[in-house]
Amino acid sequence: GFSGTPIIEVDGSMVGSVTGLEITAGASTVKALTINRFRNYGIHLRISGGNTVEGCFIGTNVTGTVGLSNASGILVDNVPNNLIGGTAAGARNLISGNTFFGVAIFRSGATGNQVLGNFIGTDINGTADLGNGFFGVGLIDAPDNITGGTTSDARNIISGNGTSGTQGGINITGAGSTGNQILGNFIGTDISGNAPLGNTNFGVIIQNGATNNTIGGTATGALNLISGNNLSGIELRSNTNIVEGNFIGTDAAG
């Protein structure tokens, strides 16, 4: 769970089509903010990388129980080596309730990014659906990024996302999306891994020429639990990707 709730709220409801925080300097940390109701992005990372976003609520109220949507949550835009979340206590973000995507990692320069330990599409308890409308995590022509990890602290809960169409949990798309790893996540379940909290269509989709991506693995802790989704658990529309060692359609114990 969360070690607390961020009491400083950045509310975009009274401004025009702007972004909550646009960070261009790089090597910056955004910590313990609630960012909601912006018509563009909650956070836009661009020009320089090496940023950290931790302990924030992006797209909800300050208690993490009601969606107050930004257009989209966090955009990592063509910049490398950013950390969204983390494994330390208090580092996880709640990224839910946004109209389009929760986290998007976009273009060829967006490499070496990590999305760790977050609740993406749920409430603060990881038990209710506050889903992002399009997808939870999108890798769009972006290479060599990691979503999740092999320890429970690195696990993302990516559930309740999508409204219609080809939308849902994780979308890996475009010929530039190669070498990405999806490890150790709960995709379509609640925090316990024993109750469904499905993404609207797929758990994970790989499409539009994305190759050499890995979902799961044989290392201890690498398996994803991909269950409870309303259509496909994993949908492969591109060749030469690896799916191994996952629990698909079961509870956390398999």
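**View 1. Glu9, Asp11 and Arg37 join up in a network of salt bridges.** In this predicted model, Arg37 is the residue to look for, since two acidic side chains meet it here. Glu9 forms one salt bridge with Arg37, with the closest N and O atoms 3.0 Å apart. That contact links distant parts of the chain: Glu9 sits in strand S1 (residues 8-11), while Arg37 belongs to the loop between strand S4 (33-36) and strand S5 (41-46), 28 residues apart. Asp11 makes a salt bridge to Arg37 as well, at 3.2 Å from N to O. Asp11 lies in strand S1 and Arg37 in the loop between S4 and S5, so this pair ties together parts that are 26 residues apart in sequence.

**View 2. How open to the surroundings are the members of this network?** The three residues linked by salt bridges are Glu9, Asp11 and Arg37. Glu9 has a relative accessible area of 35%, so Glu9 counts as partly exposed. Asp11 is partly exposed too, with a value of 36%. Arg37 has 30% relative accessibility, which means that Arg37 is also classed as partly exposed.

**View 3. Glu22 and Arg46 meet in a salt bridge.** Here the N to O distance is 2.6 Å. The pair links distant parts of the chain, with Glu22 in strand S2, Arg46 in strand S5, and their positions 24 residues apart in the sequence. If you are checking solvent exposure, Glu22 is partly exposed at 43% relative accessible area. Arg46 is likewise partly exposed, at 28%. Across the model, the count comes to 6 salt bridges.

**View 4. Eight strands line up in an open, parallel sheet.** Follow the order S2-S5-S8-S11-S14-S17-S20-S23 to walk across the 8 strands. Strand S2 (21-23) and S23 stand at the edges; each has a single partner strand, so one side of each is left without a neighbour in the sheet. From one strand to the next, the twist averages 10°. As general background for this view, strands of a sheet pair through backbone hydrogen bonds, in either a parallel or an antiparallel way.

**View 5. Strand S11 is joined to S8 and to S14.** On one side, strand S8 (residues 72-77) and strand S11 (residues 103-106) pair in the parallel sense over 4 bridges. Ile74 stands opposite Val103 of S11 in this pairing. Strand S14 (residues 135-140) runs parallel to S11 and is joined to S11 by 4 bridges. For this second pairing, Phe106 has Ile140 in S14 as its bridge partner.

**View 6. Val103 is a buried residue of the sheet.** Is Val103, placed in strand S11, buried or exposed? The relative accessible area of Val103 is 0%, so the residue is buried. To get a feel for the spacing in this part of the model, compare Val103 with Gly198: they are 95 residues apart in sequence and 18 Å apart in space, C-alpha to C-alpha.

**View 7. Leu236, Val243 and Ile248 form a nonpolar patch on the surface.** Together, the three residues offer about 240 Å² of accessible area. Leu236 is found in strand S23 (residues 234-236), one of the edge strands of the open sheet. With 47% relative accessibility, Leu236 counts as partly exposed.

**View 8. Stepping back, the whole protein has 0 helices and 25 strands.** Which radius of gyration goes with this fold? The protein has 16 Å, which agrees with the value near 18 Å for a compact globule of 254 residues. Taken along the principal axes, the C-alpha atoms fill a box of roughly 45 × 35 × 35 Å. Buried residues make up 54% of the 254 residues, and Val103 is one of those that are buried.

Technical notes. Residues are numbered from 1 along each chain as its sequence is written. This is a predicted model: local features need pLDDT of at least 70, side-chain atom pairs count only at pLDDT 80 or more; totals for chains, interfaces and linings use all residues. Side-chain values use heavy atoms; hydrogens and water are left out. Patches are made of residues with over 30% relative accessible area and no salt bridge: like charges are joined within 9 Å, nonpolar side chains (Val, Leu, Ile, Met, Phe, Trp, Tyr) within 5 Å. Accessible areas come from the Shrake-Rupley method with a 1.4 Å probe; for residues, only the protein chains shown count as cover. A salt bridge is a side-chain nitrogen of Lys or Arg within 4 Å of a carboxyl oxygen of Asp or Glu. Helices (H or I, at least four residues) and strands (E, at least two) are DSSP runs, numbered from the N terminus. Buried means under 20% relative accessible area, exposed over 50%, partly exposed in between (1.4 Å probe, protein chains only). Two strands pair if DSSP finds at least two bridges between them. Axes are lines fitted to C-alpha atoms, for helices over the stretch in contact, and angles run from 0 to 180 degrees between N-to-C directions. The radius of gyration is taken over C-alpha atoms; the globule rule is 2.2 Å times the number of residues to the power 0.38.
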